[in-house]
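Here is a short set of notes for a first look. Please keep the structure open while you read.

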Amino acid sequence: MPSEHAKLSASGSPIWMNCPASYQLTKDLPDISTPFTEEGTRAHAYCEYLLRTEWLDEVLPEMQPDNQEMRVCCESYKDFVIDKLIEDWEDIPALEIEQRVDFSPWVPEGFGTCDCLIVSGNKLKIVDFKYGKGVQVDATDNSQMQLYALGALNRFDLLDFKTVEMTIFQPRLDNISTQTKTIEELLDFGKLAKSAAELALSSQPKAKAGKWCRFCKVNAICKTRASEPLSTIQQILDIGGKRNKR
């Protein structure tokens, strides 16, 4: 599995697209490995192993999952992908696993790795496996998935695609979330991503706090994030003061 990381990554896009300053604040900080991220990496590797050996008939060194839960989750992902292939069997679908995609026309040096790409007739399908169970991930207007979609479209040079179907498969939360977008809608998103990337790479990007701060590397020491609760408290006090004057 690829281990390179883009400057402005697809997975980090909810952060840098909402808080332009986050890139400058975190670019020199190392990626933090946790037991959870390492477990997720192993689960992804096992998913890849299952599809390559059972669908593509590749001969690979035997691999075993960590435990029965991982086995069941990865097997269910494999079955889901195969179902996606079979439902469009008449269009002779093609499967690509752990495929690197380049979305640099919209985000400088931007690339990512799609867990699963299915090319079927005039539809492109992307499936992203999430092994985590801390936060449920929704495919609706998901910036990571849309950047993957743009990268996939760039890879296939649009061909005759009309839509891209993007699915989050998160078995430990019984979550399967899908959204389909037209090529025009994705290209419109690409314009937004390009503008956000330009701000993130500018000389004086502004910080903005929000729900995306949760996964930012500097969330514990960020002055902008720390000021948000104080601002909210002040607003409450101001409202209370106005009411007392009535």
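1. Which residues does K84 touch, leaving aside those up to four places away in sequence? They are I118, K125 and E165. K84 is found in helix 4. Its relative accessibility is 12%, so K84 counts as buried. Keep in mind throughout that this is a predicted model.

2. Now the overall layout. The protein has 246 residues, and 45% of them count as buried. Its secondary structure comes to 7 helices and 5 strands. Along the sequence the pattern reads α-α-α-α-β-β-β-α-β-β-α-α. Take the contacts with a separation of 6 or more: residues 24 or more positions apart account for 68% of them.

3. Next, the sheet. It is open, has 5 strands in the order 1-2-3-4-5, and its pairing is mixed. Strand 1 (94–102) and strand 5 (175–182) are the edge strands, each pairing on one side only. From one strand to the next, the twist averages 25°.

4. Look at one strand pair in detail. Strand 1 and strand 2 (residues 111–120) run antiparallel and are joined by 8 bridges. For R100, the bridge partner in strand 2 is T113.

5. Two helices to check against the sheet are helix 3 and helix 4. Helix 3 (residues 35–54) packs on the sheet and touches strand 1, strand 2 and strand 3 (123–129). The direction of helix 3 makes about 140° with that of strand 1. Helix 4 (residues 68–87) also packs on the sheet. Helix 4 touches strand 1, strand 2, strand 3, strand 4 (163–170) and strand 5. The direction of helix 4 makes about 175° with that of strand 3.

6. How do helix 3 and helix 4 meet? Their axes come within 9 Å and cross at roughly 45°. That angle makes helix 3 oblique to helix 4. The crossing is right-handed. On the helix 3 side, the residues are E39, R42, A43, Y46, C47, L50, L51 and E54. They meet M70, R71, C74, E75, Y77, K78, V81 and I82 of helix 4. By class, this contact has 10 nonpolar, no polar and 6 charged residues.

7. Turn to helix 5 (residues 143–156) and helix 6 (residues 183–200). They pack at an angle of about 110°, with axes 10 Å apart. Helix 5 is therefore roughly perpendicular to helix 6. Helix 5 passes helix 6 in a left-handed crossing. Helix 5 contributes S143, Q146, L147, A149, L150 and L153 to the contact. Helix 6 contributes I183, L186, L187, F189, G190 and A193. The contact of helix 5 with helix 6 has 9 nonpolar, 3 polar and no charged residues.

8. Finally, a residue in the sheet: is I168 buried or exposed? I168 is buried, with a relative accessible area of 0%. I168 is found in strand 4. Leaving out residues up to four places away in sequence, I168 touches D128, K130, V137, D138, A139, N142, M145, N175, I176 and S177. I168 and Q179 are 11 residues apart in sequence, and their C-alpha atoms are 9.0 Å apart in space.

Key. Residues numbered from 1 in each chain as written. Predicted model: local features only at pLDDT ≥ 70, side-chain atom pairs only at ≥ 80, totals over all residues. Heavy atoms only, no water. Axes fitted to C-alpha atoms, helices over the stretch in contact; angles between N-to-C directions. Helix = DSSP H or I, 4+ residues; strand = E, 2+ residues; numbered from the N terminus. Parallel < 35°, antiparallel > 145°, perpendicular 65-115°, else oblique. Left-handed = near helix turned anticlockwise from the far one by under 90°. Contact = heavy atoms within 4.5 Å. Nonpolar A, V, L, I, M, F, W, Y, C, P; charged D, E, K, R; others polar. Pairing = 2+ DSSP bridges. Buried < 20%, exposed > 50% of the residue type's maximum accessible area, 1.4 Å probe, protein only.
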